[in-house]
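Me: I would like to go through this model label by label and hear what justifies each one. Please start with burial, since the rest of the discussion will lean on it.

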Amino acid sequence: MTILNVLVYPDENLKKISQPVKDFSADLKKFVRDLEETFRSFPGCVGIAAPQVGRFERIVLVDISHKPQHANHGFLVLINPEIKFYEGTSLGREGCLSVPDYTGKVERAKSITLEAVNESGEKLQFCMSGYEARAVQHEMDHLDGKLFLDRLVGRRNALSRRTEVST
Amino acid sequence: MENWLMLTLVGKDRPGIVAEVSHALFNMKGNLGEASMTRLGGNFTIMLMVSIPEKKSAVAEKLRPLCDKLKLFFHLDEVEADLHHHIEPDVRISIHGADQAGIVAHATSALFKAGLNILNLESDVGGNPENPVYIMHIEGVAGKGLDTVDKALQTLARENNVVASMTPIDTMVG
């Protein structure tokens, strides 16, 4: 297995849209193992997306099981993931391997229903909420060329939030 | 070695302060670092880091005409940048109640004793002039653990008739 190089903002490649995985060959399985090795090399990290290492395919890995205070589904390999249902919102602090030395507050859906396939092309479905749902949404943003920086809620706004209604 | 200055600036708020001050620094080949700029009451306040080729005295001399024109007080200090070493907060504290002298002193003393290192504090006076309300939000690192902070807040709330609560911050790095 290989630890892959992680792209760091402002690398323009982080803005690329990733394409669906079509080829479920041994190469995909090897890449997933390398991506996992890369992700595991950052202690405390809860996920990684393929475009962060320069492979622009819709693959994300998430594992929050080292934070047992949060409900979780263990180690997830999510290929071609799609969020089918969002519910509620929550504000939480996020950081990113691709944005060192900065964290900020981001609003995410509180609960999601997620569909994906695994490395063998088998269908997966999860209902998740809280920290794990946040991690999945963060990683899936990478597939659409978005970083948490694109969703930051300003300091004061985060503290005294008001709903703005356009008329 | 880069020459970093901390510019502290305050004056009656009006549109254009940030643009004019930052443009003046840019004209001196200044490169801005981290900054906090906010309106406090009717005043606009700036604290900003700037890396700049000229010495402090020369920068002050060039800023003076602009600050006189905008009626701004300013002050410059030579500082070490120490960038790229952000400390992550692990707790967010919210305190609010009827405005009363000493609430910040009581709260921060209690939190200091409870091991809290404050990284960010923002406070506002809301309500109306007859019944002002003080609202304070703090983010910091709980050096003696979250339970110690929580106990200190409960005592603070009881003794000062304020609402004090805390929320752990569990930063997600993905």
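Reply: A residue is called buried if 20 or more other C-beta atoms lie within 10 Å of its own, exposed if 12 or fewer do, and partly exposed in between, the C-beta atoms being placed from the backbone. On that count, buried residues make up 22% of the 174 residues in chain B, while 32% of the 167 residues of chain A qualify. The model is predicted, and local features therefore need a pLDDT of at least 70 and side-chain atom pairs count only at pLDDT 80 or more, whereas totals for chains, interfaces and linings use all residues. Residues are numbered from 1 along each chain as its sequence is written, and chains are lettered from A and ligands numbered from 1 in the order in which they are written.

Me: What makes Lys29(B) count as exposed?

Reply: Lys29(B) has 10 C-beta neighbours inside 10 Å, so it counts as exposed. This residue sits in the loop between helix H1 (17-27) and E2 of chain B, and although it is not a glycine its phi is positive, at about 65°. Lys71(B), which lies in the loop between H2 and E4 of chain B, likewise has a positive phi, near 55°, in a residue other than glycine. With 9 C-beta neighbours inside 10 Å, Lys71(B) counts as exposed too.

Me: Why is chain A called as compact as a globular protein of its length?

Reply: It helps to place the chain first: chain A has 3 helices and 5 strands, where helices (H or I, at least four residues) and strands (E, at least two) are DSSP runs numbered from the N terminus, and along the sequence they follow the pattern α-β-β-β-β-β-α-α. The radius of gyration, taken over C-alpha atoms, is 16 Å, close to the 15 Å that the globule rule (2.2 Å times the number of residues to the power 0.38) gives for 167 residues, so chain A is as compact as a globular protein of that length. The C-alpha atoms of chain A fill a box of roughly 50 × 35 × 35 Å along the principal axes.

Me: What makes E2 and E4 the edge strands of their sheet in chain B?

Reply: Two strands pair if DSSP finds at least two bridges between them, and here 4 strands of chain B form an open sheet in the order E2-E3-E1-E4 with antiparallel pairing. Strand E2 (31-40) and strand E4 (72-79) each have a single partner strand, so one side of each is left without a neighbour in the sheet. The twist averages 15° from one strand to the next, angles running from 0 to 180 degrees between the N-to-C directions of lines fitted to C-alpha atoms, for helices over the stretch in contact. Helix H2 (residues 56-70) of chain B packs on this sheet, touching E1 and E4, and its direction makes about 160° with that of E4(B).

Me: How do you know that E1 and E3 of chain B are paired?

Reply: Strand E1 (residues 4-12) and strand E3 (residues 43-51) of chain B are joined by 9 bridges and run antiparallel; set against the requirement of at least two bridges, the label is therefore met. Within this pairing, Leu7(B) has Leu48(B) as its bridge partner in E3(B).

Me: In the sheet E6-E7-E5-E8 of chain B, which strands are at the edges?

Reply: This open sheet of 4 strands, again with antiparallel pairing, has strand E6 (116-127) and strand E8 (163-168) at its edges, each pairing on one side only. Strand E5 (residues 91-98) pairs with E8(B) in the antiparallel sense over 6 bridges, and His96(B) stands opposite Val163(B) there. Helix H4 (residues 146-160) of chain B lies across E5, E6, E7 and E8, at about 165° to E8(B).

Me: How many residues of chain A are in contact with chain B?

Reply: Taking a contact as two C-beta atoms, placed from the backbone, within 7 Å, 20 residues of chain A are in contact with 11 residues of chain B. Strand E3 (76-96), strand E4 (99-117), helix H2 (130-143) and helix H3 (155-159) of chain A each supply at least two residues to that side. In addition, 2 bridges join E3(A) to strand E9 (residues 172-173) of chain B, the two strands running parallel, and Glu94(A) stands opposite Met172(B) in E9(B).
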